[in-house]
Amino acid sequence: MMAFEQIPKKDWYSILEADPSASVSDLKQKYQKLILMYHPDKQSADAPAGSVEECIQKFIEIDQAWKILGNEETKKEYDLQRHDDHSFSLSCRCGGKYSVSKDEAEEVTLISCDTCSLVIELLHYR
């Protein structure tokens, strides 16, 4: 029997140091400020290697946050997902995913793959 794995979630707003109620133009300003601050070309050549790696990782996270929050459609989808406490997923043999939120898991017993027609049964153990 396979178990659902918990999907780790990043708080893209905190990565951009922004409030969830911020407009896209405010998010863009935060993004531009942070992306310049952490850009690999802006880092000092004599900085320790670990520090440079941390800046590169932060730069990548900032860019990912902007890709999600900078687009109205993906921002709206992300905002809806933020309201779920926990989500669980399982890979399908087709390469798709079975996904269910904690709240949905209490209500449904059958979960469809997001790309094919396969369905799995969710068993509740108490």
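## Exercises on a predicted model

The chain has a mean pLDDT of 83, with 90% of its residues at 70 or more. This is a predicted model, so let's begin with how far to trust each part.

**Exercise 1. Find which element of the chain has the lowest mean pLDDT and which has the highest.**

Step 1: Compare the elements. Strand S1 (residues 5–6) has the lowest mean pLDDT, 46, and helix H2 (residues 24–38) has the highest, 95.

Step 2: Apply a reading rule. Where pLDDT is low, predicted coordinates should not be read in detail.

**Exercise 2. Work out how many disulfides the structure holds, and why Cys116 is not bonded to Cys94.**

Step 1: Look for the closest partner. For the sulfur of Cys116, the closest cysteine sulfur belongs to Cys94, 3.6 Å away.

Step 2: Hold that against the cut-off. A disulfide needs two cysteine sulfurs within 2.5 Å, so the sulfur of Cys94 is too far from that of Cys116 for a bond.

Step 3: Take the total. The structure holds zero disulfides.

Step 4: Check the surroundings of two cysteines. Cys116 is partly exposed, at 26% relative accessibility, whereas Cys55 is buried, at 11%.

**Exercise 3. Describe the largest nonpolar core and say which helix gives the most to it.**

Step 1: Identify the members. This core has 16 residues, and those with the most contacts inside it are Trp12, Leu16, Leu27, Tyr31, Ile62 and Leu69.

Step 2: Trace the helices. H1 (12–15), H2 and H3 each supply at least two residues of the core, and H3 gives the most, with five.

Step 3: Follow one member. Leaving aside residues up to four places away in sequence, Tyr31 touches Leu16, Ile62, Asp63 and Trp66.

Step 4: Look beyond this core. Another core lies apart from it and has nine residues, including Cys92, Tyr98, Ile111 and Leu122.

**Exercise 4. Is Glu61 buried or exposed, and what does its side chain contact?**

Step 1: Place the residue. Glu61 lies in helix H3 (residues 49–69).

Step 2: Judge its accessibility. The cut-off for buried is under 20%; Glu61, at 18%, is therefore buried.

Step 3: List its partners. Beyond four places in sequence, Glu61 touches Lys10, Trp12 and Ile15. With the side chain of Lys10, the side chain of Glu61 makes a polar contact at 3.0 Å.

**Exercise 5. Locate Ala18 and find what it touches.**

Step 1: Ala18 sits in the loop between H1 and H2 and is buried, with a relative accessible area of 16%.

Step 2: Not counting residues up to four places away in sequence, Ala18 touches Tyr13, Leu27 and Lys30.

Step 3: Ala18 and Lys30 are twelve residues apart along the chain, with 7.1 Å between their C-alpha atoms.

Notes: Residues numbered from 1 in each chain as written. Predicted model: local features only at pLDDT ≥ 70, side-chain atom pairs only at ≥ 80, totals over all residues. Heavy atoms only, no water. Buried < 20%, exposed > 50% of the residue type's maximum accessible area, 1.4 Å probe, protein only. Helix = DSSP H or I, 4+ residues; strand = E, 2+ residues; numbered from the N terminus. Polar contact = N/O pair within 3.5 Å; in protein donor to acceptor, adjacent residues only side chain to side chain. Contact = heavy atoms within 4.5 Å. pLDDT = per-residue confidence, 0-100. Core = buried A, V, L, I, M, F, W, Y, C linked by side-chain atoms within 4.5 Å.
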